[in-house]
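Here is my note on the chain and its ligand. Please read it with the structure open.

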Amino acid sequence: MVDLRLQVVAAVMGAALATAAAGSGQFEFQEATVDAIQLGFRSGSLTSTALVRFYLDQIARLNPLLRAVIEVNPDALAQAARADAERAASGGRCAAGLHGVPVLLKDNIATLDRLNTTAGSLALLGSVVRRDAGVAARLRRAGAVILGKANPSEWSNFRPVASGWSARGGQTLNPYVLSATPCGSSAGPGVAAAANMAAVTLGSETDGSILCPSSSNSVVGIKPTVGLTSRSGVIPITPRQDTIGPMCRTVSDAVHVLDAIVGYDELDAEATGAASKYIPRGGYTQFLRIDGLRGKRIGVPAVFFQGYDDLHTAAYQKHLNTMRRGSKILGSPTSSLPRQPTASAPRRELRSDGWTRFPPTGWRS
Ligand SMILES: *[C@@H]1O[C@H](CO)[C@@H](O)[C@H](O)[C@H]1NC(C)=O
């Protein structure tokens, strides 16, 4: 099945529910989902301009503490006004997809505008990119508002740093537990989504950089199959593994974003050419069904969940049981596994930013 080619990480700790006050005329900005935003646009209870103002205000209030955002786009309000005008001119018809929806991008994703693209590093400050990254171009084509850049672990942790720290952005903090790791390297996107600093965000992953911060900040990340989303214009680590994906508050939001950014890009031709044939006709939103797991067989590689304490293991089992309703889970439950890797198992180091075997243990600058 096409949709199983995605590696979907559902919110581990209860994704927030939409609280759009549909029909009441009063738009509920906190925790607003893409569906609620589209409804607001269509009913006239919301404008893109009001939405951008809300997020700019959230960033101004929260970012001095959370440091999830490096820069806001000086043109965001102008883009929102244009989206509002287009919607009015179209009689509401373009209140679909991401039209008029503010997006924060991890700072390694190039945008050809007044924003810098630096992967958090001072070394790239003031450099000018040639063009929008492939995914940024797709966001613009979908009518999204580029709200700003989110703080990564500098160079996406290719040069090892503390999770969520960059020289430009400082230390991103986990909004739920300030002393806990936000995880990286897409720390800023995860925290910004969790703390309502943007409707939706984009992160990138080589090895855990979408999955781990999504998990740590209770948001939903999708790590697309390599090549499903273009890597052109994204500061790389390795073309074999790099991938760009949504980090949002709900599964549905993440799928709306995924729909907007997937597809062939001649500047990442080999990978996107190979992967784009798996994109389902009509996009991914058709799979957003409450009984969507029915008839699915899901493999659970138990090796990924070993050595955790009882609290974590119980939460993990509970979520597996939820998924088990209506679907078939393959693989052994963690309770039947040894608590620690056996002597013959390959040594892997579990770091605060996910599984990693590179660079070599001990290399820290
Ligand atoms: C980009 O960096 C320059 C410094 O080189 C800074 O003056 C400018 O304000 C930055 N752009 C934004 C949108 O913050």
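The numbered points below go from the whole chain to its parts.

1. Overall. The model is predicted, not experimental. The chain has nine helices and 13 strands. Of its 365 residues, 47% are buried. Take the contacts between residues at least 6 apart in sequence: 72% of them join residues at least 24 apart.

2. Strand E7. This strand spans residues 200-205. Six of its six residues are buried. Which residues point each way from E7? Val 200, Leu 202 and Ser 204 point one way, while Thr 201, Gly 203 and Glu 205 point the other way. Both sets are buried. The pattern is the expected one, because side chains in a regular strand alternate between the two faces of the sheet.

3. Partners of E7. On one pairing, E7 joins strand E9 in the antiparallel sense over five bridges. Gly 203 has Gly 245 of E9 as its bridge partner. E7 also pairs with E3, here in parallel, through three bridges. In that pairing, Leu 104 is bridged to Thr 201 of E7. Thr 201 is one of the buried residues of E7.

4. Strand E9. Residues 243-248 form this strand, and six of the six are buried. Besides E7, E9 pairs with strand E8 (residues 220-223). That pairing is antiparallel and has two bridges. Val 220 is bridged to Cys 248 in E9.

5. Helix H7. This helix covers residues 251-261, and nine of its 11 residues are buried. The buried run includes Asp 253, His 256 and Asp 259 among its members. The others are Ala 254, Val 255, Val 257, Leu 258, Ala 260 and Ile 261. What do the buried residues of H7 pack against? They pack against helices H1 (34-43) and H4 (134-141), and against strands E7, E8 and E9. Just after H7, Gly 263 has a positive phi of about 135°.

6. Helix H4. Six of the eight residues of H4 are buried. They are Gly 134, Val 135, Ala 136, Ala 137, Arg 138 and Leu 139. Note that Arg 138 is on this list. The cover over the buried residues includes strands E3 (102-106) and E4 (145-150), together with E7, E9 and H7. Gly 143, just after H4, takes a positive phi of about 90°.

7. Ala 192. This residue sits in helix H5 (residues 187-194). Is Ala 192 buried or exposed? Ala 192 is buried, because 34 other C-beta atoms lie within 10 Å, and 20 or more is the cut-off for a buried residue. Leaving aside neighbours within four places in sequence, its contacts are Ala 68, Val 69, Leu 104, Ala 150, Met 197, Ala 198 and Thr 201. Leu 104 and Thr 201, both on that list, are the bridge partners that link E3 and E7. Leu 104 lies 88 residues from Ala 192 in sequence, yet the C-alpha to C-alpha distance is 8.0 Å.

8. Helices H2 and H3. H2 runs over residues 48-66 and H3 over residues 76-89. Their axes come within 7 Å and cross at roughly 155°. H2 is therefore roughly antiparallel to H3, because angles over 145 degrees count that way. From H2, Ser 48, Thr 49 and Val 52 take part in the contact. From H3, the residues are Ala 76, Leu 77, Ala 80, Ala 81, Ala 83 and Asp 84. By class, this contact has six nonpolar, two polar and one charged residues.

9. The ligand. Which residues are around the ligand? They are Glu 71, Pro 74, Arg 114, Leu 115, Asn 116, Leu 125 and Gly 126. The shell has three nonpolar, two polar and two charged residues.

10. Where to look. Start with E7, which pairs with E9 in the antiparallel sense and with E3 in parallel. Then turn to H7 and H4: the buried residues of H7 pack against H4, among other elements, and H7 is part of what covers the buried residues of H4. Finish with the residues around the ligand, including Arg 114 and Asn 116.

Note on methods: Residues are numbered from 1 along each chain as its sequence is written. This is a predicted model: local features need pLDDT of at least 70, side-chain atom pairs count only at pLDDT 80 or more; totals for chains, interfaces and linings use all residues. A residue is buried if 20 or more other C-beta atoms lie within 10 Å of its own, exposed if 12 or fewer, and partly exposed in between; C-beta atoms are placed from the backbone. Helices (H or I, at least four residues) and strands (E, at least two) are DSSP runs, numbered from the N terminus. Two strands pair if DSSP finds at least two bridges between them. Two residues are in contact if their C-beta atoms, placed from the backbone, lie within 7 Å. A residue is near a molecule or strand if its C-beta atom, placed from the backbone, lies within 6 Å of it. Ala, Val, Leu, Ile, Met, Phe, Trp, Tyr, Cys and Pro count as nonpolar, Asp, Glu, Lys and Arg as charged, and the others, Gly among them, as polar. Axes are lines fitted to C-alpha atoms, for helices over the stretch in contact, and angles run from 0 to 180 degrees between N-to-C directions. Angles under 35 degrees count as roughly parallel, over 145 as roughly antiparallel, 65 to 115 as roughly perpendicular and the rest as oblique.
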